[in-house]
Amino acid sequence: MQTPTESSPHTSFQDWLDRIARPIEFASRDNCAHLRAVTNLSSFISSQVLAALGQDVYPKAIEARLISLRDLFIDFHPMLPFDEQRRRLQAAAVLIKALRAVNQQKLIRLNDSPTQASYHSEVTGVGRSDLWNLPVQFVKGVGPKRTNVLQRLHITTVEDALWTIPWRYEDRSVMTPIGNLVPGMMASICGMIGTCEAKRTRNRRLSVMEVGIEDQSGRMQVVFFNQPYLEEILTVGTRVMMSGRVLSGRQGWMVPRMDVAQYEIIGEDIESTLHVGRIVPIYHETKGWTSRQMRVLVKNLLEDQGIELLDHLPTPLRARQRLIPMHEALHDVHFPKTGTDLQLLERGKTAAHRRLAFEELLLLQLALATRHRSVHEEPKELRFNPRTPLLQQLSCLLPFRLTTAQDRVVREIFRDMISSRPMNRLVQGDVGSGKTAVALHALVLACGSGYQAALMAPTEILAEQHYQNLSGTLQALGLHTILVRGGEKSSVKKTQVERLASGDIQVAIGTHALIQQGVRFKNLGLVVVDEQHKFGVLQRKTLIDKGYKPDVLVLTATPIPRTLAMTVYGDLDVSMIDVLPPGRKPVRTFLFNDTQRRRATQIVRDELRAARQAYVVYPLVEESEKTDLQDAIQGVEQLRNGEFAEFSVGLLHGRMKAAEKEAVMADFKAGTIQVLVATTVIEVGVDVPNATVILIEHAERFGLAQLHQLRGRVGRGNHQSYCLLMTQNLTRGRTRLGRRSMESEESVSTARERLEALVRSNDGFVIAEDDLRIRGPGEFFGLRQWGMPEFRVANLVRDGDLLQQARQEAFLLMKSDPGLKEPAHQGLRDAMLRKWEEKLELGSIS
């Protein structure tokens, strides 16, 4: 049956009213003589009204009467006393008359309008685009105190509130007769209060109110504790709807009880039924703010503002992607229509969820496309010389030949560098694939063309290692290279700064402080950033602000799933090194629990006796950093006095001074230290080919990608290498996890699934996809560290295909209207800049 919005709104509402009025008017004729001839009146009226409310947002005067109409019929059945049935039919006739009158007034105003605007445009005003700028504080029922509470949920504006979608739903639309209630079931009932008795316990500390509720099929008891004010609300004769879990009563099954989660008073004068009698949204809560309050707030906003939210998406795009209008999506995501598939709602797969997720993803992809375009349109003053003799000298110096994959990526980098547009390229390669050798070629091309180059690493340890690995080759080519460290003496720093400013130094290696702490380059031509995720999204604007416009090369050994690459690195061109150097053997990985510790340590001892070296890694988690550090320090003592007493054992952790770390690493590289006990500071890039075994304690506390990185510390030579994962409590209870792994407790089966994925595969990209699938985007490898965008609706695991479609649409739009200057795209451009201008450094673009 057609509901009001299925044709022209102002005419179809009148038609719809006529349809539901016919059976009511027929049943009322001749003093209700035909009442028995009309069957299913209750379900017909209730479902029609609910469907109408679910499909559109009405002015309060209309919605209040529609809900009152539904309340009259929600439990209307032949068992009701005849006088009560007649009273309700008469009340319904009054409501229908009033609805016709209100609708007629709107029609007259519309017909007088020169633009013939739609029904809802006239009622509420369409196209308001400043809801992002309307403070929620001034919304009815909020105020200053509640504003502070809502800020904890990241709600400060009207737009924030409308985009804070439910995290789950409960179907409370089906009313169960009280006589059919069974202990243990979740149910919704509709009945009348027959008894209400308030009591106090002997010590007067506890107030108890017992309420008896009945319908034609039976009665039940509800008990409320410490809510004495309900005595004035739940009075005898009041009709109510309640939802909750059914319990056995004092008289067993005869009179059940209900643990009430929500209740609603029913009456012709009640404006809205939000909390029962429908599919009910459940929101994240915080102290001082409940789902019930959120439902009321959102309902009011949808009535007052929802229809005014500007639909940024161009009509052709919406048609191509089959996306519903914005106001409909917001209404359906908060207050789903009756009959909506609950599983689709829970999984975020409804048309409403898809519409909202698509807009979020499109705005990000437009921002990335804008940034990509702006970088490529920057005037490039650099002129690199691909024929510099230093490149030929470099090939003679290297003791190995590049793999086909390395050679391909070097050619892609050189093509970018000699082109007329700036390079902004990401090189992705698994652990040990030879990214540093590729970067070395870029450094030599830059310096051989008369420019300076900077190589930035995430930690001082990795910066020192890059310096040790590259400085010999660079110096042999006549390129002066320095290591810039935070802990240097002021005299050393001063000399370094002067030599960089004069151009005497060609290559500077250090952390990202290289482009921050008073360091000036004479003519910086290339910046290589290693392990980008440790910095967050690279702020190219920082370089520009300092007067540099270098080519940028980003390296990462962190395998990135396709969907994340389109978000974290969506503005970069991507190269893949997908072949390992010859002679590398896959690392063999084993999973042990605490009872199998002797077997694990035996493998380590066997390697040490064969003149190899080993790592023992302890997790280090911010919330429990002191305890974890103690674990590592105690671990060293236990190993020195126990299993590895015959070997030299050293300790490396992040709290040590730079000189101490450097000394320990030098001793380990030289073989003086045979077993290095470390916290996760060795996670990235440390290169000791003689180390063939790594034992990882509490492996269940690490993320999969992080474990894969740690495993990459071994297997860097020609000997067979091993990764031993030690776990605790994977066979019982729940496992303790830290923030680097999961911010909440995780089921044992999930922890085991992650670790078994590592045992199965050595392919970092397969592992990364597994990690993303198992743990979800919110926790994947500490995404907040990556500068990973956070979404209110979109989910990168669930919406991978949608992300791809949004990316295609974004690049199509940018191709047809590069600056998004057309009037049809202005709202989209403004929304994109509001959301991403600051985060993605789009200042120069806007």
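Reader: Does R87 count as buried, partly exposed or exposed, and at what relative accessibility?
Author: This is a predicted model, and the classes rest on computed relative accessible area. Buried means under 20% and exposed means over 50%, with partly exposed in between. R87 has a relative accessibility of 34%, so R87 counts as partly exposed.

Reader: Which side chain meets that of R87 in a salt bridge?
Author: Side chains of opposite charge can pair when their charged atoms come close. The partner of R87 lies with it in helix α4, 3 residues apart, which is about one turn of the helix. With 3.1 Å from N to O, the side chain that meets R87 is that of E84.

Reader: With which residue does D83 form a salt bridge?
Author: D83 is exposed, with a relative accessible area of 52%. Its partner is 3 residues away in helix α4 (residues 82-112), a separation of about one helical turn. The closest N and O atoms of the pair are 3.1 Å apart, and the partner is R86.

Reader: How many residues apart in sequence are the parts that D551 and K380 tie together?
Author: D551 forms a salt bridge with K380, the closest N and O atoms being 3.0 Å apart. D551 is buried, with a relative accessible area of 0%, and K380 also counts as buried, at 9%. D551 lies in strand β13 and K380 in the loop between α12 and α13, so the parts tied together are apart in sequence by 171 residues.

Reader: How many of the residues of β13 are buried?
Author: In a regular strand the side chains alternate between the two faces of the sheet. On one side of β13, D551, L553 and L555 are buried, and on the other side V552, V554 and T556 are buried. The strand is therefore largely enclosed by the rest of the structure, the buried residues numbering 6 of the 6.

Reader: Which residue of β13 is the bridge partner of R425?
Author: Strand β8 pairs with β13 in the parallel sense over 5 bridges. Strand β12 also pairs with β13 in the parallel sense over 5 bridges, and there V528 stands opposite L553. For R425, the bridge partner in β13 is L553.

Reader: What length does helix α14 reach from its first C-alpha to its last?
Author: Helix α14 (residues 404-418) has 15 residues, and its span is close to that expected at 1.5 Å a residue. Its buried residues, among them V409, I413 and F414, pack against several elements, including α13, β8 and β13. From first C-alpha to last, the helix reaches 21 Å.

Reader: Which strands stand at the edges of the open sheet of 6 strands?
Author: The strands of this sheet follow the order β15-β20-β19-β16-β18-β17, with parallel pairing. A strand at an edge has a single partner strand, so one side of it is left without a neighbour in the sheet; the two edge strands are β15 and β17.

Reader: Which angle does the direction of helix α20 make with that of β20?
Author: Strands β17 and β18 of the sheet pair over 4 bridges, and L651 has V677 as its bridge partner in β18. Helix α20 (residues 597-609) packs on the sheet and touches β15, β16, β18, β19 and β20. The angle between the directions of α20 and β20 is about 155 degrees.

Reader: How many disulfides does the structure hold?
Author: A disulfide is a covalent bond between the sulfur atoms of two cysteines. Cysteines are present: C190 counts as buried, at 6% relative accessibility, and C196 as partly exposed, at 26%. The number of disulfides is nevertheless 0.

How values were computed. Residues are numbered from 1 along each chain as its sequence is written. This is a predicted model: local features need pLDDT of at least 70, side-chain atom pairs count only at pLDDT 80 or more; totals for chains, interfaces and linings use all residues. Side-chain values use heavy atoms; hydrogens and water are left out. Two strands pair if DSSP finds at least two bridges between them. Contact means heavy atoms within 4.5 Å. Axes are lines fitted to C-alpha atoms, for helices over the stretch in contact, and angles run from 0 to 180 degrees between N-to-C directions. A disulfide is a pair of cysteine sulfur atoms within 2.5 Å. Buried means under 20% relative accessible area, exposed over 50%, partly exposed in between (1.4 Å probe, protein chains only). The expected span of a helix is 1.5 Å times one less than its number of residues. A salt bridge is a side-chain nitrogen of Lys or Arg within 4 Å of a carboxyl oxygen of Asp or Glu.
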